[in-house]
Amino acid sequence: MQGTIETAKRTLKGFIGELPFPFKKTEQQTQALPTLTLFKAIVEPYTKKGERQELHVQATTVEHAQKIFHKRGLRVISVRALRDNTPVTGAGKVSNLELAIFCKQFGQQLDSGMVPIEAIENILEESENKNFRQALSIIMKDLQKGMTVSEAFSRHPGVFDPVFLALVQSGEEAGKLPEMMEVLYRRAESAGNLQRTLKQAMIYPAILILVGSLVLLVIYWKVMPTFASMYAELGAQLPLMTRITMGISKFIARWIVLIAAGVTAGVFAFRRYCRTEKGKRVIERYLCKWRLLREIMEKSSLALVSRSMGTLVSAGQTFHRSLELGAKSASLMKHKEALLGMIEPIRKGMGLEEAIEQHYAFRQFFKTSVKVGAKTGRMEEMLQNVAQMYEAEVEARIKQFSAVIEPAIIVVIGLLVGFTVVSLYSPLFNLINMID
């Protein structure tokens, strides 16, 4: 009997000795264990008040949570992980063209019967944009944790705008997510075409300005000092225009580092200022003084608003919600403020016709189309027509703007370069005339 007890003690002591004091799992064992997540589930049977029960449980996966509720004799209607929905800001921007391709691929794969996680994984393998790949990988992990598609997308405000998220949520709730992705594809494609037209129109003028500025900088920084030393040795009397260019050249040569730093800091500060509400208003007010620029800016902003609101209305969003999200898609501050200013009066009972007429920020065609759409019940169709018309007009105006600005830039740069060259050689011509 005594031998049996001693044997049991030695066995127990040996078992305890294998565990680190005070009986805690090692770091390797702790990392190997699956992490618990808090899940929220809607289950049946109903409560005494006739409502579905909302219960919480800690589990490792969605399937694990479902099994726990099944063991309790409950029928699970839906279950999702309660995760931190903190926005992810490190993914960066994604172009409208890339977003349109994503919407097309995602919608087609969902329509073929794939679940969202599989569709995202397939798209992730083909995506070449590092920013988008980063966002999609995080979205896929969130979907695996039990988040809905709209919840996973909403964590990436730098990739998906509020209108996009609202439409995804509407499609998800209605069970028509593939169809909604097709709608979002057309929206992103239209915005991408408009954006691409604007960029193409500005590339050539920007190149002209950059090349002309570099040529002038090289002349004043490197070429002009050579001529200045030569004229000083000859003792030539310099005309006024040459003295002006020589003074500019000395200033640039002496302070080139500070000038470069100042220009860089100025560009950075100006960009930050333009992102503030005050800065946007000031820039808009200045640019809108030019008739051609005003038409381009206003019509492109209203095209974005019309496209967004028309899509939101077609997705079943309320008109108040469409106004709120449409304001976020506007590129001009005055359109944002006008759309947001219409919401409260309409909620208090003011008619749409009266509310929109109170704001002079909108063009008359936009006002008329909205009022006709409200009266006839064809708001979606009217707004999409407005968007198409304004997009076509903006494209035509941009071509007109390019035809005007490009020759003007060439003339200005030519005059500056010509003035500099003449100022360089005019003293030399005077010396030759004196020798003759």
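## A cavity, a pocket and a helix

The residues that line the largest cavity divide into eight nonpolar, no polar and no charged. This cavity belongs to a predicted model, and its lining is made up of Met309, Phe319, Leu323, Leu339, Met342, Ile356, Phe366 and Val370. The elements that give two or more residues to that lining are α14 (319-329), α15 (333-347) and α17 (364-376). About 30 Å³ of space lies in the largest cavity, and the count of cavities of 30 Å³ or more comes to one.

The second largest pocket, which is an open space rather than an enclosed one, has a volume of about 330 Å³. Of the 17 residues that line this pocket, the closest to its centre are Gly212, Ser213, Leu216, Leu217 and Ile252. At least two lining residues are supplied by each of α9 (177-234), α10 (240-254), α11 (256-275) and α18 (379-435), and among these helices α9 gives the most, with six residues. The lining of the second largest pocket divides into 15 nonpolar residues, two polar and no charged.

The table sets out the two spaces side by side.

| Space | Volume | Lining residues by kind |
|---|---|---|
| Largest cavity | about 30 Å³ | eight nonpolar, no polar, no charged |
| Second largest pocket | about 330 Å³ | 15 nonpolar, two polar, no charged |

Turning to a single helix, α13 covers residues 291-314, and its 24 residues reach 34 Å from the first C-alpha to the last, which is close to the 34 Å expected at 1.5 Å a residue. Is this helix enclosed by the rest of the structure, or open? A residue counts as buried when its relative accessible area is under 20%, and because 18 of the 24 residues of α13 are buried, the helix is largely enclosed by the rest of the structure. After α13 comes glycine 316, whose phi is positive, near 95 degrees.

The chain as a whole can be described in a similar way. The chain has 18 helices and three strands, and of its 436 residues, 36% count as buried. Among the contacts between residues at least 6 apart in sequence, 59% join residues that are at least 24 apart. The accessible surface of the chain comes to about 26,300 Å², and 60% of that surface belongs to carbon and sulfur atoms.

Definitions and conventions: Residues numbered from 1 in each chain as written. Predicted model: local features only at pLDDT ≥ 70, side-chain atom pairs only at ≥ 80, totals over all residues. Heavy atoms only, no water. 1 Å grid on protein atoms, 1.4 Å probe; cavity = no way out; pocket = protein on both sides within 12 Å on 5 of 7 lines; lining within 4 Å. Points joined across faces, edges and corners; volume = space filled by probe spheres on them. Helix = DSSP H or I, 4+ residues; strand = E, 2+ residues; numbered from the N terminus. Nonpolar A, V, L, I, M, F, W, Y, C, P; charged D, E, K, R; others polar. Buried < 20%, exposed > 50% of the residue type's maximum accessible area, 1.4 Å probe, protein only. Contact = heavy atoms within 4.5 Å. Areas by Shrake-Rupley, 256 points an atom, 1.4 Å probe, with all protein chains shown as cover. Expected span 1.5 Å × (residues − 1).
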